[in-house]
Amino acid sequence: MFARMLKLRLLNAVAPAYFFTATAVTFVLHFCLFVPTIFPSPGPAPAGPALLHAAVFLFLMFNALGNYLMTIRHPAESANETAVPVCSPDCPDRVDAHYLLNGRHFCKLCRKVILKRDHHCFFTGNCIGNKNMRYFIMFCIYTSCTCLYSLVLGVAFLTVEYSISFENPLTFLTLLPLSTGYFFTGAISGLQLFLVIMLYVWLGIGLVCAGFCCQQVLLVARGQTWCQLQRGQLVESRSPWRSNLRDVFGTRWALGLVLPVQTVEPRCGDTAERKDR
């Protein structure tokens, strides 16, 4: 049990560092390699297509990072909760949370009682619940879009700079093993191998975030959390899917699609918790 918790806490620290490192690398590659190479400018001023693609990329990354920070800023814990369960040595619970009553869960990693806990997100280092679910979903959407957009520009850069053709669907499947072999034989540079690796990183993160987004939207529409789904718990009072989505995304949901801002009005319970703090 101790070794497992140590691994989880280590992952809780490594995952955010990995996210920020991948974000910084993506930013540098985009503005130092992709845009100048794919959209060369004849004069000192950037060309129109270069400015357009830079604006699109900055918009996607701004929303991804903004919703990431909002997910951390609005934690899902209950400020009024004082009961902290202690796990006994013979505890049959093999997940990282104790399940309490009234939709409350005690996270062993956060050491806090979470309201309507969905899951613990290692990339943000905290739990996802009723207060930050909207930001987490938007973070997944914009992270997926940023990665897939970077993937397209990366493929275009390799095509322009290194004359690699992606017309054959099998090219992407064999690109990494062939590039690794060519690198060790000295046929290609380390930069080219690094760009090929980043293509697979963007593809993996983009598909995972897209899958998380679809899963979370479906659970929110059903009024259910991932914890309840894992334990086979059914929602006692099912509300219409429109009402469930409104509870998470708020009435100003359209504004939340383009800006990482609060779109849900604070509930009475939330206001009371802030006063107690």
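This briefing covers the cores, selected residues, cysteines, helices and backbone angles of one structure. The model is a predicted one. Its largest nonpolar core has 42 residues, and helix α3 supplies the largest share of that core, 13 residues. A search of the whole structure finds zero disulfides.

**Nonpolar cores**

- The residues with the most contacts inside the 42-residue core are Phe34, Met133, Phe136, Leu158, Leu199 and Trp202.
- Two or more residues of this core come from each of α1 (2-38), α2 (48-73), α3 (133-162), α4 (171-184), α5 (190-222) and α7 (241-249).
- The largest contribution is that of α3, with 13 residues.
- Met133, one of the residues with the most contacts inside the core, touches Asp118, Ile128, Gln216, Val220 and Val248, when residues up to four places away in sequence are not counted.
- A second core, separate from the largest one, has 10 residues, among them Met5, Cys107, Leu109 and Cys110.

**Thr71 in helix α2**

- Thr71 lies in helix α2.
- Its relative accessibility is 0%, so Thr71 counts as buried.
- A polar atom of the Thr71 side chain lies 3.4 Å from the backbone nitrogen of Phe136.
- Phe136 is also among the residues with the most contacts inside the largest nonpolar core.
- With neighbours within four places in sequence left aside, Thr71 is in contact with Thr124, Asn126, Ile128, Asn132, Tyr135 and Phe136.
- Ile128 is in contact with Thr71 and is touched by Met133 as well.

**Thr146 in α3 and Ile205 in α5**

- Thr146 has its place in helix α3, and Ile205 is found in helix α5.
- The two residues are 59 residues apart along the chain, and their C-alpha atoms are separated by 9.7 Å.
- Thr146 has a relative accessible area of 7% and is therefore buried.
- Leaving aside neighbours within four places in sequence, the contacts of Thr146 are Phe57, Leu60, Met61 and Ala64.
- Ile205 touches Tyr18, Thr143 and Cys147, again not counting residues up to four places away in sequence.

**Cysteines**

- No disulfide is found anywhere in the structure.
- For Cys121, the closest cysteine sulfur is in Cys140, at 7.1 Å; Cys121 has no bond to it because this is too far.
- Cys121 has a relative accessible area of 7%, so this cysteine is buried.
- Cys147 is likewise in no disulfide, and the nearest cysteine sulfur, that of Cys209, is 6.2 Å away.
- With a relative accessible area of 8%, Cys147 is buried.
- Cys147 is also one of the residues touched by Ile205.

**Helices α4 and α5**

- Helix α4 has 14 residues.
- From its first C-alpha to its last, α4 reaches 20 Å, close to the 20 Å expected at 1.5 Å a residue.
- A kink of about 30° in α4 is centred on Pro177.
- The buried residues of α4 are Thr171, Phe172, Leu175 and Ser179; what covers them includes α3 and α5.
- Helix α5 has 33 residues and reaches 48 Å between its first and last C-alpha, close to the 48 Å expected at 1.5 Å a residue.

**Positive phi angles**

- Most residues other than glycine have a negative phi.
- Lys116 has a positive phi, near 50°, and is found in the loop between β3 (112-115) and β4 (119-121).
- The relative accessible area of Lys116 is 47%, so Lys116 is partly exposed.
- Ser163 has a positive phi as well, near 55°, and its place is in the loop between α3 and α4.
- Ser163 is exposed, because its relative accessible area is 64%, and the cut-off for exposed is over 50%.
- Two glycines with positive phi come after helices: Gly186 follows α4, with phi near 85°, and Gly223 comes just after α5, with phi of about 70°.

Technical notes: Residues are numbered from 1 along each chain as its sequence is written. This is a predicted model: local features need pLDDT of at least 70, side-chain atom pairs count only at pLDDT 80 or more; totals for chains, interfaces and linings use all residues. Side-chain values use heavy atoms; hydrogens and water are left out. A nonpolar core is a set of buried Ala, Val, Leu, Ile, Met, Phe, Trp, Tyr and Cys residues joined through side-chain atoms within 4.5 Å. Buried means under 20% relative accessible area, exposed over 50%, partly exposed in between (1.4 Å probe, protein chains only). Helices (H or I, at least four residues) and strands (E, at least two) are DSSP runs, numbered from the N terminus. Contact means heavy atoms within 4.5 Å. A polar contact is a pair of N or O atoms within 3.5 Å; within protein, one must be able to donate a hydrogen and the other to accept it, and residues adjacent in sequence count only if both atoms are side-chain atoms. A disulfide is a pair of cysteine sulfur atoms within 2.5 Å. The expected span of a helix is 1.5 Å times one less than its number of residues. The bend at a residue is the angle between axes fitted to the seven residues ending there and the seven starting there.
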